[in-house]
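Visitor: Could you take me through one part of this model slowly? I'd like a close look at a single helix and whatever packs against it.

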Amino acid sequence: MLKLIFMINRVEGMPYEEFVEHHRERHAPLFTSIPEAARYVRKYRVSHPVPAANYPPRAYDGLTEIWFEDWADHDAFFASENYRTLVNPDEARFIDMDSVAVMVTEEKAVI
């Protein structure tokens, strides 16, 4: 299983609450609405930091995980017309694209 983790920050001037709302209530439903998501994506999760005493302040405003079976599914999803014309343009509306950090992993369960 191929897992992509995108650590994201909001665009300048956007309140944090508005960023979270857009990510959860607009972007995630848009992402899952395209047929390619059902066909190629195994898991899709969005997460946002919560206050946590004794931990450093948040480094990112949010995190997106996208899981694919393999690179072929990854490539097919991101090359799809629906992703390129519907989902991708929405990302720049709320994500500071210059600050995105990406980690590509193969997850191994330990416990």
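Guide: Let's begin with how α3 and α4 sit against each other. Their axes cross at roughly 55° and come within 5 Å, so the two helices are oblique to each other. On the α3 side, the contact is made by Phe-77, Phe-78 and Ala-79, and on the α4 side by Glu-81, Tyr-83 and Arg-84. Sort those residues by class and you get four nonpolar and two charged, with no polar ones. Keep in mind that this is a predicted model.

Now stay with α4 itself. This helix covers residues 81-94, which makes 14 residues. At 1.5 Å a residue, α4 should span 20 Å, and because its end C-alpha atoms are 21 Å apart, the expectation and the model agree. There is a kink along the way, though: look at Val-87, where α4 bends by about 30°. The proline Pro-89 follows shortly after that kink.

Next, which residues of α4 are tucked away? The buried ones are Tyr-83, Val-87, Asp-90, Glu-91 and Phe-94. So the residue at the kink, Val-87, is also on the buried list. As for what lies over these buried residues, the cover includes α3 (71-79) and α1 (16-33).

You've met α3 already, so turn to α1. The axes of α1 and α4 are 10 Å apart, and the helices pack at an angle of about 175°. An angle over 145 degrees counts as roughly antiparallel, and that is why α1 and α4 get that description. From α1, the contact is made by Phe-19, His-22, His-23, His-27, Leu-30 and Phe-31. From α4, Leu-86, Val-87, Asp-90, Glu-91 and Phe-94 take part. By class, this contact of α1 with α4 has six nonpolar, three polar and two charged residues.

You can also check how the buried list lines up with these two contacts. Tyr-83 is buried and takes part in the contact with α3. Val-87, Asp-90, Glu-91 and Phe-94 are buried too, and they take part in the contact with α1.

One last stop is on α1, where you'll find Val-20. Its relative accessible area is 11%, and because buried means under 20%, Val-20 counts as buried. If you'd like a distance to try in the viewer, go from Val-20 to Thr-85: their C-alpha atoms are 22 Å apart in space, and the two residues are 65 apart in sequence.

Note on methods: Residues are numbered from 1 along each chain as its sequence is written. This is a predicted model: local features need pLDDT of at least 70, side-chain atom pairs count only at pLDDT 80 or more; totals for chains, interfaces and linings use all residues. Side-chain values use heavy atoms; hydrogens and water are left out. Helices (H or I, at least four residues) and strands (E, at least two) are DSSP runs, numbered from the N terminus. The expected span of a helix is 1.5 Å times one less than its number of residues. The bend at a residue is the angle between axes fitted to the seven residues ending there and the seven starting there. Buried means under 20% relative accessible area, exposed over 50%, partly exposed in between (1.4 Å probe, protein chains only). Contact means heavy atoms within 4.5 Å. Axes are lines fitted to C-alpha atoms, for helices over the stretch in contact, and angles run from 0 to 180 degrees between N-to-C directions. Angles under 35 degrees count as roughly parallel, over 145 as roughly antiparallel, 65 to 115 as roughly perpendicular and the rest as oblique. Ala, Val, Leu, Ile, Met, Phe, Trp, Tyr, Cys and Pro count as nonpolar, Asp, Glu, Lys and Arg as charged, and the others, Gly among them, as polar.
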